[in-house]
Amino acid sequence: MSTIPSQVRAGRGRTVEASAVKVTQPVQYWAYLGLLISAFWAWIMVKWVTGPYFTPTLPGPTPQPDWQGPAQIGFQAFCIIALFIVGYKLLWKPWARERRVTTDGALFIAFFTMFFQDQITMMGGGYWFTYNAHVFNMGSWFPEIPGWMTFAQPGQTPGEPILMMGPGYAYFFLIMTFAGMFIMRRFREWWPSMSTPALFFSVFIACAILDAVIEIGFWIPLGFYAYTYGGILPMINEGTVRQFPIIEALGTAWLSTAIVALRYYTDDKGQTLVERGLDKVVASPLKKGLLRIFAMVAAIQLIFFFIYNVPMYPLGALSKDWPASIQERSYLMNNICGHGTPRACRTGDT
């Protein structure tokens, strides 16, 4: 029977212990991919900041309700404060105490990067949601993406509300992930014989309901955005400025369930699929932390793109008139179509 030698040749007669031979671990491959993805978005952001699209989308003449402006400012302030509080708990405290980046800390950073893909579903078919231009924005970086086909000109894009959406993605998907993890663990305790498909279906339903409650109950009434989508699937509040497509809740739940699966299934060292081998990497705590962060960025960026953005992409191509209640509000039109432009507000035409 052959055995693995305790020493291997290193050239010129030298030998080294087999355990000292460097082997690239899965977490390193994921981290390299995360670094490439991050470099791509950094390139897009530099193009945006230095290019013509770094200009605010103006709200136009239509005033929004008096109470919405202060509420929006307050909510954006809350988002930023919450970002620092959560960052302190998930990043700084574990680092100060143990000199390590935790899985949840890496997830927190990865969730923040999701807003780089926020409008990518509208890349070629048209806009199926718009943002309130009264909210602070500096236009949109999405027209800078190679291959962008949907109409866009400087000052005529859904201006990304960066003070809300960056922090918003971070805390929203933390809520979804922790809620899904709670359901997975409790249901396993309460009903040990529950099948895995039934367990994940429960998470899916819970995330769909939670998304609908947050969007219909908070974000849409606060006036941050409006869904212009009109298609074959049912809508809540259809035809109004507060309409909400059921497909959005289902898509977000599908995305959240995939993220919960990534976080829930860990090995005996508590490592997720993309963190495997981190304990075998010989590196400083800082380098290990960066490996974990970039590996998680790769995973979340790919999950967001393939699980949510690709299936939701056809929504932009569904041609149907935007609701009149949206068209009469210039701050939701983003100078894209309708009055004062030569373009009709049909989803497939913008």
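These legends walk through several close-up views of one predicted model.

**A few ground rules before zooming in.** Residues are numbered from 1 along each chain as its sequence is written, and side-chain values use heavy atoms, with hydrogens and water left out. Because this is a predicted model, local features need pLDDT of at least 70 and side-chain atom pairs count only at pLDDT 80 or more, while totals for chains, interfaces and linings use all residues.

**View 1. The whole chain, for orientation.** You're looking at a chain with nine helices and six strands; these are DSSP runs numbered from the N terminus, with helices (H or I) of at least four residues and strands (E) of at least two. Along its principal axes, the C-alpha trace spans about 80 × 50 × 40 Å. Of the 350 residues, 51% count as buried. Here, buried means under 20% relative accessible area, exposed means over 50%, and partly exposed is in between (1.4 Å probe, protein chains only). Take the contacts (heavy atoms within 4.5 Å) between residues at least 6 apart in sequence: 74% of them join residues at least 24 apart.

**View 2. Inside the largest nonpolar core.** A nonpolar core is a set of buried Ala, Val, Leu, Ile, Met, Phe, Trp, Tyr and Cys residues joined through side-chain atoms within 4.5 Å. The largest one here has 97 residues, and Trp-128, Trp-141, Phe-173 and Ile-300 touch the most other members. Pick out Phe-173: leaving aside neighbours within four places in sequence, Phe-173 is in contact with Phe-111, Met-114, Leu-255, Ser-256 and Ile-259.

**View 3. Ser-140, tucked into a loop.** Find the loop between strand 3 (129–131) and helix 4 (162–190), and you'll find Ser-140. Ser-140 has a relative accessible area of 1%, so it counts as buried. Not counting residues up to four places away in sequence, Ser-140 touches Trp-48, Tyr-53, Gln-119, Thr-157 and Pro-158. Also look at the backbone nitrogen of Phe-142, which sits 3.2 Å from a polar atom of the Ser-140 side chain.

**View 4. Gly-166, in helix 4.** Now move on to helix 4, where Gly-166 is found. Its relative accessible area is 0%, so Gly-166 is buried. Outside its neighbours within four places in sequence, Gly-166 is in contact with Phe-112 and Phe-115. Asp-118 is 48 residues away from Gly-166 in sequence, yet their C-alpha atoms are 9.5 Å apart in space.

**View 5. Gln-25, in another loop.** Gln-25 lies in the loop between strand 2 (14–17) and helix 1 (26–50). With a relative accessible area of 11%, Gln-25 is buried too. If you skip residues up to four places away in sequence, what Gln-25 touches is Arg-276, Gly-277, Lys-280 and Val-281.

**View 6. The loop between strand 5 and strand 6.** Two residues to spot here are Asn-237 and Arg-242. The loop runs between strand 5 (235–236) and strand 6 (244–245). Asn-237 has a phi near 60°, a positive value in a residue other than glycine. At 38% relative accessibility, Asn-237 counts as partly exposed. Arg-242 is partly exposed as well, with a relative accessible area of 40%. Leaving aside neighbours within four places in sequence, Arg-242 is in contact with Trp-67, Ile-220, Pro-221, Ile-236 and Asn-237. The C-alpha atoms of Arg-242 and Ala-206 are separated by 22 Å, and the two residues are 36 apart along the chain.

**View 7. Trp-92, in helix 2.** Trp-92 lies in helix 2 (residues 68–98). Is Trp-92 buried or exposed? Trp-92 counts as exposed, at 51% relative accessibility. Pro-311 is 219 residues from Trp-92 along the chain, and their C-alpha atoms are separated by 36 Å.

**View 8. The segment after helix 9.** Helix 9 covers residues 330–333, and Ala-344 lies in the segment after it. So does Asn-335. Asn-335 has a positive phi, near 60°, in a residue other than glycine, and counts as partly exposed at 30% relative accessibility. Ala-344 is partly exposed too, at 44%. The C-alpha atoms of Ala-344 and Trp-322 are separated by 9.1 Å, with the residues 22 apart along the chain.

Key. Polar contact = N/O pair within 3.5 Å; in protein donor to acceptor, adjacent residues only side chain to side chain.
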